[in-house]
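Biologist: Could you give me a close look at the salt bridges in this one? I'd like to know who pairs with whom and how open to solvent the partners are, and then a bit of the surroundings.

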Amino acid sequence: MMPGSDVLLGIINLYKPTGKTSHDMVSFVRRTLKIKRVGHAGTLDPEASGVLPVLVGKATALSDLLTEKTKTYVATVQLGIETDTYDLAGTVTKTSDVRPAKAEIETAVSGFLGEISQLPPMYSAVKMNGKKLYELARQGLEIERKPRKVLIEYLRCFDFTEDSFKMEVRCSKGTYIRSLCYDIGKSLGTCAVMAALVRTQSGPFLLENAVTPEQVEEAAKRGQIADVLLPPETVLSAYRGVTVPAHAVPKIKNGLRMRPDQFGIQEATVGEIFRLYDEQELLCLSEVIESSEGPVLAILKTFYAV
């Protein structure tokens, strides 16, 4: 049988197909697992596919940790066309007959490595004055946007044709691959759009290990959702794990702050984060903070079933 919704906890490394929104996939998991508390870590555009970490139960508390992780994409860049959405879903606004050579493309692309300023596309979920840019764009409005700093850690071009090439990108949170394609086209003296996009990695989650919606449905039918549900430790392995004494568990669940040495932690620095366990489950993440009585552990995120 499938565990009750009150005890489901974990992360599904879900493959999002094209044509579906990230919210569609969250709704699908809610229906399939019959649980309300579901979220995702990092939106994928409807026309994109690939890795979408879906957080189940109290694992939704991990959203901020996962969203910050580096992501990797493979984009198909089509030359000679420009649209208002910077991808093929939009309206064509410009064309060009200029077709740069492979060496020119590689040189131009290398100039986008490192920290760059990027202007979010009008068709994006970035909010300005309380409204999402795509809502304004659909009204025929284009407003001044502020450039944002993003980090491009790695870029590689391959599969060149006369009109297109593919590009593997490893980048920071907040990077718009559509904008990157658009800007590369400008730097080459032509125009370009993102013709396709696959997210191949999001933090520790890889495309080759992702499960399809059909696999999730099948696991749910068999009552074996654990087959596709990864533990929170998948993203928490960087933090030290500590099993706390049985007498301290109720105190932790009541939110009491305790000294690290009460858990057998002899060396702990302010700002250090620990995973606290009882004998059966992950209880919480706790951070060492200063208090009037010296260093204590303050709860950051809880995972235990109430």
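Modeller: Sure, let's start with Arg259, which has a relative accessibility of 39% and therefore counts as partly exposed, since that class runs from 20% to 50%. Keep in mind that we're looking at a predicted model. The side chain of Arg259 meets that of Asp261 in a salt bridge, with 3.1 Å from N to O. Asp261 sits at 41% relative accessibility, so Asp261 goes down as partly exposed as well. Elsewhere, Glu218, Arg222 and Asp227 are joined into one network by salt bridges that share partners.

How many salt bridges are there by this rule? The count comes to 13. One of the pairs worth zooming in on is Lys186 with Glu82, where the closest N and O atoms are 3.4 Å apart. This pair links distant parts of the chain: Lys186 belongs to helix H5 (residues 177-187) and Glu82 to strand S5 (residues 81-83), with the two positions 104 residues apart. The accessibilities are worth a look here. Lys186 has a relative accessible area of 38%, which makes Lys186 partly exposed. Glu82 has a relative accessible area of 10%, and because the cut-off for buried is under 20%, Glu82 counts as buried. In other words, a partly exposed lysine is paired with a buried glutamate.

Next up is Glu168 with Arg156, whose side chains come together in a salt bridge at 3.2 Å, N to O. Glu168 is in strand S11 (residues 164-171) and Arg156 in strand S10 (residues 148-158), so this pair ties together parts that lie 12 residues apart in sequence. At 35% relative accessibility, Arg156 is another partly exposed residue.

Now for the surroundings. In total, the protein has eight helices and 17 strands. Its C-alpha atoms fill a box of roughly 75 × 50 × 40 Å along the principal axes. Of its 306 residues, 46% are buried. Take the contacts with a separation of 6 or more: 64% of them are between residues 24 or more positions apart.

For a spot away from the charged pairs, try Ser49 in strand S3 (residues 49-57). Its relative accessible area is 6%, so Ser49 is buried. What does Ser49 touch, leaving aside its neighbours within four places in sequence? The contacts are Tyr15, Lys16, Pro17, Thr18, Leu44, Leu197, Val198 and Arg199.

Last, a helix pair. Helix H1 (residues 22-33) packs against helix H6 (residues 213-222) at an angle of about 15°, and their axes are 10 Å apart. Angles under 35 degrees count as roughly parallel, which means H1 is roughly parallel to H6. Their crossing is right-handed. On the H1 side, the contact is made by Met25, Phe28, Thr32 and Leu33, while H6 brings in Pro213, Val216, Glu217 and Ala220. Sorted by class, that contact has six nonpolar residues, one polar and one charged.

Definitions and conventions
Residues are numbered from 1 along each chain as its sequence is written. This is a predicted model: local features need pLDDT of at least 70, side-chain atom pairs count only at pLDDT 80 or more; totals for chains, interfaces and linings use all residues. Side-chain values use heavy atoms; hydrogens and water are left out. Axes are lines fitted to C-alpha atoms, for helices over the stretch in contact, and angles run from 0 to 180 degrees between N-to-C directions. Helices (H or I, at least four residues) and strands (E, at least two) are DSSP runs, numbered from the N terminus. Angles under 35 degrees count as roughly parallel, over 145 as roughly antiparallel, 65 to 115 as roughly perpendicular and the rest as oblique. A crossing is left-handed if the near helix is turned anticlockwise from the far one by less than a right angle, and right-handed if clockwise. Contact means heavy atoms within 4.5 Å. Ala, Val, Leu, Ile, Met, Phe, Trp, Tyr, Cys and Pro count as nonpolar, Asp, Glu, Lys and Arg as charged, and the others, Gly among them, as polar. A salt bridge is a side-chain nitrogen of Lys or Arg within 4 Å of a carboxyl oxygen of Asp or Glu. Buried means under 20% relative accessible area, exposed over 50%, partly exposed in between (1.4 Å probe, protein chains only).
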